[in-house]
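Please walk me through this structure, stop by stop. I have the viewer open and want to know what to select next.

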Amino acid sequence: MKLENSFTVAAPISETWETLLDIERVAKCLPGAQIEPGEEEGVYRGAMKVRLGPMTVDYRGTARLQDVDEDTYTASIAVQAREAKGQGTAAAVIRNQLESQNGGTRVVAVTDLKITGRQAQFGRGIMEDVASTMMGEFAKRLESEINSGGAATASATPATGDATATPAEPPADEVRDDGRADEPEALDLGNVLARTPMIRYAGMAGAALLVLLALVMLLRGRKRPFTVNVNLRR
Amino acid sequence: MKPPRFAYHDPRGVDEALALLAEHGDEGKVLAGGQSLVPLLNFRLAHPDHLIDLNRIGALAGIRRADGKLRIKAMTRQSTLEASALVRENWPLITDALGFVAHAQIRNRGTVGGSVAHADPAAELPVVFTVLDASVRVASTRGERTIASSDLFVTHLTTTIEPDEMLVEIEVPPVAPGTGHAFTEFARRHGDFALGGAAALVTVDEEGVCRRAAVGLLAAAPTPVRAPEAEQMLVGERIDEAAAARAAKRAVADIQPTGDIHGSAEYRKDLVEVMARRAIVAAVERAGNGAGARGG
């Protein structure tokens, strides 16, 4: 399935380009995401927690930067993710194209998404909805990340276990002292969407969200999810 | 299909429930009628560490009228609300809409507060309460607050109720005399979530001129939505089929329904328009016949 999204950042193309290639900085702009370098150069391990209503989905996976071409300002991120508690998987290749626009930068992300498991049968409707909504939130955080030159989040470089992925500008209600400082915040769609929004550049989020949204579709199709198992076997 | 492991709590009073929520809200979930949450658990789509069951708190159920307002406690079963003579006489839109909520057995268990807090945009009660300008009272150990329905719904399955808060009561203001109501929806099978629907309240004066209109759309957006421009178009008109059709067209002009395997976005938009037109026409007819609410 192919999805296309775009967003604009009020920063020159060269700066935006540099930031987008720094996948650790990009991940910081994603609430709920945690990322660390993997064994290989250009490969990262990441986790993402997304919450929607009673559902929380934990994804674990890897992201790999590939086909980086500075002349055309294009780069791709290949993502493989798997549900921490469950069988769902998602694979995505997100191809990003940057272009100058009125002194700012427009980023067009084309995602080729493959979902396996029960989510596979779902259409693109809800996925596009939320992907577009979230892209705005990501762009906003990315913009402030670029403008701060990384200073805002430099101290929050996530390492194993003890780091909290600090967003560039955490929504007030996410800064709850709930005694769980050792866990990354969850991407609360409610909070994100309430403040207008959207992502999906960094593939972790994309995959997690798309899959999550597919789950919602699963529930929406029928009045009572009891009958959904009929669906699942199709 | 068994749920993942969770700690089960069955508080006997509101204070006890709120204390549990304060402690476990972030990793816990409130269980009301369980008609959505339990399937979610059994499919392992939801895996809260704590489940706080409100079914043993008698003080959380009941329907009454106070200061002209209908007050529905959160754990009131949908079937109880449907059978209420007080509601049928004064807020018949609620009674009509409940007939579309799933099936009788589900309404016997499903609660009014549960449906609202679950916030599915294709569910009937959230749209109806939005059209009625209802508000909800939520409580936590930090205190109580009231949220207008216009500020309640954020997106699919998400409300502005905080994890440590609990919906305790829904307050519905009285409906003006001379108001006609209608609820329509279309689903492929009876009891399924609707592909589209609408609720309308139209108040007409003695000359048959519309004085106030409220139109709400079901499954038209990630939340229940009103159609304020369409409502404005109806006010001051003697509403006939053509006026209703114009307003319905305006009502869906800005919506972008979510398409899925059950119906494309375009199809849903057309469907919601038809539903809105029928709801407006039916509401006007009832208002004209004096068959609607006689006011509270």
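**A helix on a sheet**

This is a predicted model. Start with helix α1 of chain B, residues 14-24. The helix lies across β6 and β10 (166-172) of chain B. Its direction is at about 75° to β6(B).

Now show the sheet underneath this stop. It is an open sheet of 5 strands in chain B, in the order β4-β5-β10-β6-β7, with antiparallel pairing. Go to the edges: β4 (63-66) and β7 (143-148) of chain B each have a single partner strand, so one side of each is left without a neighbour in the sheet. From one strand to the next, the twist averages 25°.

Zoom in on β6(B), residues 135-140, and β7(B). They run antiparallel and are joined by 6 bridges. Pick B:Ser140: opposite it, in β7(B), stands B:Gly143.

**A covered strand**

Next, select strand β12 of chain B, residues 196-204. Is it covered or not? Mostly covered: 9 of its 9 residues are buried. Colour by direction. B:Gly196, B:Ala198, B:Ala200, B:Val202 and B:Val204 point one way. B:Gly197, B:Ala199, B:Leu201 and B:Thr203 point the other way. In a regular strand, side chains alternate between the two faces of the sheet.

Add β11(B), residues 179-186. This strand pairs with β12(B) in the antiparallel sense over 8 bridges. Here B:Ala182 has B:Ala200 as its bridge partner.

Then add β13(B), residues 210-218, which pairs with β12(B) in the antiparallel sense over 8 bridges. B:Leu217 in β13(B) stands opposite B:Ala198. Finish at the hairpin of β12(B) and β13(B), with 5 residues between the strands. Select B:Gly208 there: its phi is positive, near 85°.

Methods. Residues are numbered from 1 along each chain as its sequence is written. Chains are lettered from A and ligands numbered from 1 in the order in which they are written. This is a predicted model: local features need pLDDT of at least 70, side-chain atom pairs count only at pLDDT 80 or more; totals for chains, interfaces and linings use all residues. A residue is buried if 20 or more other C-beta atoms lie within 10 Å of its own, exposed if 12 or fewer, and partly exposed in between; C-beta atoms are placed from the backbone. Helices (H or I, at least four residues) and strands (E, at least two) are DSSP runs, numbered from the N terminus. Two strands pair if DSSP finds at least two bridges between them. Axes are lines fitted to C-alpha atoms, for helices over the stretch in contact, and angles run from 0 to 180 degrees between N-to-C directions. Two residues are in contact if their C-beta atoms, placed from the backbone, lie within 7 Å.
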